[in-house]
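Q: Please take a close look at the empty space enclosed inside this protein, and tell me which residues surround it. I am new to this structure, so a connected account would help me.

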Amino acid sequence: MLMAMLAATAIAGEKELAAEVSGKRLMATVAELASWPNRNTNNQTAVEAAEWLAEQYRALPGMKVELMRYAVAKGPRIREAKEVVQVVATLEGRSPRRVLMGGHLDTIAMPLPGWDSVSPGANDDASGVAATLECARILAAQGKHENTLVFIAFTGEEQGLFGAKALAERAKAEKWVIEGFLNNDTVGSSQTVDGRKEKKTVRVFSVAQMPDESTGSARELARFLEWTTRSKVRGFSAKLVFRNDRFGRGGDHTPFMQAGFPAVRITESLEEYARQHTDQDLPQFVDSRYLANVTRLNLLTLACLASAGPPPSRVRIDRAQGGDTRLTWTGSKSGRYVAYWRETTSPVWQGSKESEASGEVVLKGIHKDDHEFAVGALGGVPVPAE
């Protein structure tokens with residue numbers, strides 16, 4: 001009875017949290033960013049847009065805002081070697097463990113070089129920047145969280161993921177502990193120019209094989225996002241895609257994944273290429289309801305990760321034969337942990353049970369022959385069982 005009451009309270013809280021997302025605020029941010037003729041990393045317009053966005057973050061309670069500077073060399077998409085800026089806003093938690101969300105602030109016009117061509121980038125990627133700012137507004141208003149939240153507006157994405165590489169290298173050098181990074185890139189359109197529509201799903205891309213020195217799993221982060229938001233946003237859900245990114249393309253999550261941090265890419269299900277990187281990437285082609293629903297999936301995931309304790313270690317499956325499955329792990333005696341299971345052919349988690357004992361749980365009637373298992377801190381990304 002107590003567990004049922006706690007679950008009902010959690011669901012009510014999630015609905016209230018999701019209701020905080022404002023389509024009007026999202027579109028106001030998109031419109032403001034698209035008001036610059038371009039936000040090309042080569043140009044002063046990118047600096048002006050970054051400074052405007054930094055001011056929006058500085059207005060939020062408890063937020064520490066940095067205009068992070070990094071150097072880029074002259075190249076095919078860089079006019080001359082220079083120093084550029086991007087926005088890194090940090091909401092410090094009680095723990096140094098970090099949860100990241102971001103999108104890229106810069107735009108580009110095709111064909112190249114198009115340094116000064118009009119490229120408002122309303123969808124690619126003012127939509128992702130707006131979603132990130134909206135989540136920051138809502139979570140900052142809640143006060144201090146267990147884990148530290150970092151909100152990023154990258155530059156240099158269109159030139160070669162330069163801003164993401166600079167921050168990932170910094171995170172590695174400074175020994176950041178990153179529980180997950182949600183990269184939102186092109187998340188505001190639900191319809192193509194030929195009339196096709198997809199308003200009910202957003203794609204979440206993740207890689208299966210992480211580097212040897214990884215701190216977590218991108219694939220498990222994607223599964224966790226799908227699980228924790230399932231049926232929480234009416235008529236809308238995450239569609240998992242089991243590859244790192246769209247075919248032959250890349251995004252700002254990739255340098256983090258390559259540095260060993262769990263990171264996924266979130267992108268609309270119907271990407272409209274005809275408007276991308278042109279003067280037609282305008283606010284009127286951004287679907288405010290769709291963007292709001294994408295933001296809600298991010299927000300609910302961030303809220304969970306922000307409250308989670310440290311992940312368990314040494315998650316093991318008891319080898320004893322039988323129709324039940326016993327899982328054990330090493331973790332805090334006062335921590336709360338959840339066991340997950342799915343059939344071996346299922347891409348997503350199908351069931352869960354919170355542990356009532358320290359360091360173990362018995363799953364009655366869930367056969368180890370037929371299922372995959374994991375254990376996570378309550379609200380945290382599950383760690384696969386071995």
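A: In this predicted model, the largest cavity is lined by Asn123, Asp124, Thr186, Ser189, Glu268, Glu271, Glu272, Arg275, Gln276, Gln280, Asp281 and Phe285. Sorted by class, this lining holds 6 charged residues and 5 polar ones, with 1 nonpolar residue besides, and the space it encloses comes to about 90 Å³. Rolling a probe the size of a water molecule over the atoms is what shows where such empty space is left.

The count of cavities of 30 Å³ or more comes to 2, and the second largest cavity has about 40 Å³ of space. Thr107, Ile108, Ser119, Gly121, Asp124, Glu158, His277, Thr278 and Asp281 form the lining of this second largest cavity, and they divide into 5 polar, 3 charged and 1 nonpolar. Asp124 and Asp281 appear in the lining of the largest cavity and also in that of the second largest cavity.

Besides these enclosed spaces there are pockets, and the second largest pocket has a volume of about 270 Å³. Its lining is made of 16 residues, of which Glu179, Thr215, Gly216, Pro311 and Val383 are the closest to the centre of the pocket. At least two lining residues come from each of strand 5 (178–184), strand 14 (371–377) and strand 15 (383–384). By class, the lining of this pocket has 9 nonpolar, 6 polar and 1 charged residues.

A contact between two helices can be added to this picture. Helix 7, which covers residues 218–229, packs against helix 9, residues 288–307, at an angle of about 105°, and their axes lie 9 Å apart. Because of that angle, helix 7 is roughly perpendicular to helix 9. On the side of helix 7 the contact involves Leu221, Phe224, Leu225, Thr228 and Thr229, which meet Leu297, Leu300, Thr301, Cys304 and Leu305 in helix 9. The residues of this contact divide into 7 nonpolar and 3 polar, with no charged residue.

As for the setting of these parts, the secondary structure of the protein chain comes to 9 helices and 15 strands, and its C-alpha atoms fill a box of roughly 70 × 45 × 40 Å along the principal axes. A compact globule of 386 residues would have a radius of gyration near 21 Å, and the protein chain has 21 Å, so the two agree.

How values were computed:
Residues numbered from 1 in each chain as written. Predicted model: local features only at pLDDT ≥ 70, side-chain atom pairs only at ≥ 80, totals over all residues. Heavy atoms only, no water. Axes fitted to C-alpha atoms, helices over the stretch in contact; angles between N-to-C directions. Helix = DSSP H or I, 4+ residues; strand = E, 2+ residues; numbered from the N terminus. Parallel < 35°, antiparallel > 145°, perpendicular 65-115°, else oblique. Contact = heavy atoms within 4.5 Å. Nonpolar A, V, L, I, M, F, W, Y, C, P; charged D, E, K, R; others polar. 1 Å grid on protein atoms, 1.4 Å probe; cavity = no way out; pocket = protein on both sides within 12 Å on 5 of 7 lines; lining within 4 Å. Points joined across faces, edges and corners; volume = space filled by probe spheres on them. Rg over C-alpha atoms; globule rule 2.2 N^0.38 Å.
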